[in-house]
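Dear colleague,

I am passing on the structure we spoke of, and I would be glad if you looked it over before reading my notes. What I found in it follows below the view.

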Amino acid sequence: MSLLAGRVAAVTGGARGIGFAIAEAFVREGARVVVGDLNPGLAQDKLGPDVVRAVRCDVTRADDVAALVDTALSEFGALDIMVNNAGITRDATMRRMTEDDFDQVIAVHLKGTWHGTRQAAAVMRERESGSIVNISSLSGKVGMAGQTNYSAAKAGIVGLTKAAAKEAARYGVRVNAIQPGLIRSPMTTAMPENVWEQKMSEIPMSRAGEPEEVANVALFLASDLSSYLTGTTLEVTGGRFM
């Protein structure tokens, strides 16, 4: 039997990159999925219109996240899994970073994850089951120069995950996080060659990760294979910064 047969999931930032890979893996394992994104594009057609719905969702807005959750309930009758993945970058040194650069990144990553966790948990506790997966980053573990906003937000997601896990556990709801490292994507492969090589030199496995490798860990956390895990943070980094 497929790992997610009969389950319903919502994935923010699910139209491309890691989010799309997660949605694709969930569909492959039998789930019906609602993809939320600022530009949902062709996600529904690519993944299968019978099992996927795509809606526009700005995760900084509580009403948009509520609409995402409501779509899962109205279209598929449940919400068993929530993946808070939506994110942006506004990299700059502290000296050059604007207050707006800081606020936008905190709002999308940290406030957006709070909205998704809060609203999904409210639905899941009524059924006394559910899995919430929050996407943090290795930047939230070690801090990256030029990313005071992003590193702060991603570290905050880990703290939010642990606190929410303690609140929700009594209701049968699990909350876990993933910290990806250098994952191959159009954004990362556009780095200058010297920057790419420097990052690669820090990875014991000597290669970048693929979006599908993060998706497989999300699949594990979403499924009953991880039924006794909550409040954990799993690193998908190839051993970088152990």
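To begin with one helix against the strands: α6, residues 148-168, lies across β5 (130-135), β6 and β7, and runs at about 165 degrees to β6. Please keep in mind throughout that this is a predicted model.

Helix α9, which spans residues 211-222, also runs at about 165 degrees to β6, and it lies across β4 (81-84), β5, β6 and β7. Strand β6 covers residues 173-180 and is joined to β7 by four bridges, the two strands running parallel; as one point of reference for that pairing, Ile178 has Leu234 of β7 as its bridge partner.

These strands belong to an open sheet of seven, in which the pairing is parallel and the order reads β3-β2-β1-β4-β5-β6-β7. At its edges are β3 (52-56) and β7 (233-236), each of which pairs on one side only, and from one strand to the next the twist averages 15 degrees.

Turning to helix packing, it may help to recall that two packed helices are described by the angle between their axes and the distance between the axes. For helix α3 (residues 62-76) and helix α4 (residues 99-127), the axes come within 10 Å and cross at roughly 35 degrees, and the crossing in which α3 passes α4 is right-handed. On the α3 side the contact is made by Ala62, Val65, Ala66, Val69 and Leu73, while α4 contributes His115, Gly116, Gln119 and Val123.

As for the protein as a whole, it contains nine helices and seven strands. Its radius of gyration is 17 Å, close to the 18 Å that the globule rule gives for 242 residues, and the protein is therefore as compact as a globular protein of that length. Taken along the principal axes, the box that the C-alpha atoms fill is roughly 50 × 35 × 35 Å.

Two further values concern the surface and the interior: of the 242 residues, 50% count as buried, and the protein exposes about 11500 Å², of which carbon and sulfur atoms supply 52%. Finally, if one considers the contacts between residues at least 6 apart in sequence, 68% of them join residues at least 24 apart.

With best wishes

Note on methods: Residues numbered from 1 in each chain as written. Predicted model: local features only at pLDDT ≥ 70, side-chain atom pairs only at ≥ 80, totals over all residues. Heavy atoms only, no water. Pairing = 2+ DSSP bridges. Axes fitted to C-alpha atoms, helices over the stretch in contact; angles between N-to-C directions. Contact = heavy atoms within 4.5 Å. Rg over C-alpha atoms; globule rule 2.2 N^0.38 Å. Buried < 20%, exposed > 50% of the residue type's maximum accessible area, 1.4 Å probe, protein only. Areas by Shrake-Rupley, 256 points an atom, 1.4 Å probe, with all protein chains shown as cover. Left-handed = near helix turned anticlockwise from the far one by under 90°.
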